[in-house]
Amino acid sequence: MTARDKAIRLGLTGGVGCGKSTAAAHLKALGAHVVDADEIARALTAEDGEALDAIRARFGDAVFGPDGALDRRALGDRVFADVGERRALEAILHPAIQRKMLSEIDEADREGASVVVLDVPLLFETGFDALCDEVWVVTASREQQALRVMARDRLTRAEAEARILSQMPLAEKEARADRVISTGRPIDEVRAELKRLYRELTRRR
C-alpha cells in the first residue's frame with residue numbers, strides 16, 4: 001500500500017462535555033470512517049470484555065455489581081478522585097485501545113476509506129496526534145462543559161468539575177490544534193462549519 005492509498009487521518013478531540021461525539025457523528029454522516037476510542041473502551045469493559053480481569057485484579061470487587069458487571073459509576077468515582085488510580089486504569093486500557101484503533105485504521109485503508117477520524121478524548125495525552133494529518137479540537141465554555149456533563153451523567157457540579165480537571169486544559173488543546181470548532185452556538189452552525197472543513201479536507205486527497 002502506498003501513501004496515496006491511505007486515508008487522510010483526522011484527529012478529533014476536545015474536553016469532556018464539548019460535543020465531540022456529536023461532531024464525530026456528523027463527520028460519519030458526511031462519509032468519514034470513525035474510529036471511536038470511547039466505543040472501544042466500552043467494549044473492553046462490557047460483559048466478557050478483555051479488560052475486566054485486569055480491572056478486578058487492580059481495583060477489586062468493589063467496582064463490580066452483584067451480577068458481575070463493571071460498576072462504571074463506582075470506578076469513575078474512584079479514579080477521578082485519585083490521580084494514581086486513574087493512571088492505573090489508563091495503564092490497563094490504553095494499550096488495548098491503541099492496538100484496536102491501529103487495527104481499525106488498517107482495515108479502513110484496505111476498504112478504501114477517504115478519511116479516517118480518530119475520535120480520541122486523550123489524543124494529545126496518548127501521542128495519537130502523531131498519526132494524524134490534521135487535528136480538530138471541539139470546544140465549549142467551562143460552564144457549558146459542566147452543565148452538559150452534569151445532565152448527561154447525572155453528576156454533581158463537583159463531580160463534573162473533577163472530570164473536566166482530569167484532562168489537559170482546553171486552551172492547550174486549542175493551541176495544538178489545526179482547527180478549533182466551538183459548539184457553544186446553534187447546532188446548525190456547527191454542522192455547517194464541519195461540512196465546510198470536511199470538504200476542504202477531502203479536496204487534499
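Which residues are linked with E193 and R196 in a network of salt bridges? In this predicted model, the network joins E134, R179, R185, E193, R196 and E200. A search of the whole structure finds 21 salt bridges. Several of these pairs are described below, followed by a buried aspartate, a histidine and the largest pocket.

Within the network, E193 forms a salt bridge with R196. Their closest N and O atoms are 4.0 Å apart. Both residues belong to helix α9, which covers residues 187-202. They sit three residues apart, or about one turn of the helix. The two partners fall into separate accessibility classes. E193 has 17% relative accessibility and counts as buried, because buried means under 20%. R196 has a relative accessible area of 41% and is partly exposed.

Another pair is found in helix α8, residues 170-176. Here R176 forms a salt bridge with E172. The closest N and O atoms of this pair are 4.0 Å apart. Because R176 and E172 are four residues apart in the helix, about one helical turn separates them. R176 is partly exposed at 39% relative accessibility. E172 is also partly exposed, at 38%.

A further salt bridge links D153 with R152. In this case the closest N and O atoms are 2.9 Å apart. D153 is partly exposed, with 31% relative accessibility. R152 has a relative accessible area of 52% and is exposed, since exposed means over 50%.

Side chains of opposite charge can pair when their charged atoms come close. What, then, is the nearest side chain of opposite charge to D36, and how far away is it? It is R42, at 4.3 Å. D36 has no salt bridge, although it is buried. The reason lies in the cut-off: a salt bridge needs a side-chain nitrogen of Lys or Arg within 4 Å of a carboxyl oxygen of Asp or Glu, and R42 is 4.3 Å away.

D36 is part of strand β2, residues 33-36. Its side chain has a polar atom 2.9 Å from the backbone nitrogen of D38. Apart from residues up to four places away in sequence, D36 touches R42 and D119.

H26 lies in helix α1. Its relative accessibility is 18%, so H26 counts as buried. Which residues does H26 contact, leaving aside its neighbours within four places in sequence? The partners are R191 and L194.

The largest pocket has a volume of about 1600 Å³. It is lined by 46 residues. Of these, the closest to the pocket centre are D38, F80, P121, R152 and Q167. Six helices each give two or more residues to the lining: α1 (20-29), α2 (37-45), α4 (72-79), α5 (83-110), α6 (142-153) and α7 (157-165). Helix α5 gives the most, with nine residues.

Two of the central lining residues also appear in the contacts described above. R152 is among the residues closest to the pocket centre, and R152 also forms the salt bridge with D153. D38 is likewise among the residues closest to the centre, and the backbone nitrogen of D38 lies 2.9 Å from a polar side-chain atom of D36.

Conventions
Residues numbered from 1 in each chain as written. Predicted model: local features only at pLDDT ≥ 70, side-chain atom pairs only at ≥ 80, totals over all residues. Heavy atoms only, no water. Buried < 20%, exposed > 50% of the residue type's maximum accessible area, 1.4 Å probe, protein only. Lys, Arg positive; Asp, Glu negative; His and termini not counted. Polar contact = N/O pair within 3.5 Å; in protein donor to acceptor, adjacent residues only side chain to side chain. Contact = heavy atoms within 4.5 Å. 1 Å grid on protein atoms, 1.4 Å probe; cavity = no way out; pocket = protein on both sides within 12 Å on 5 of 7 lines; lining within 4 Å. Points joined across faces, edges and corners; volume = space filled by probe spheres on them.
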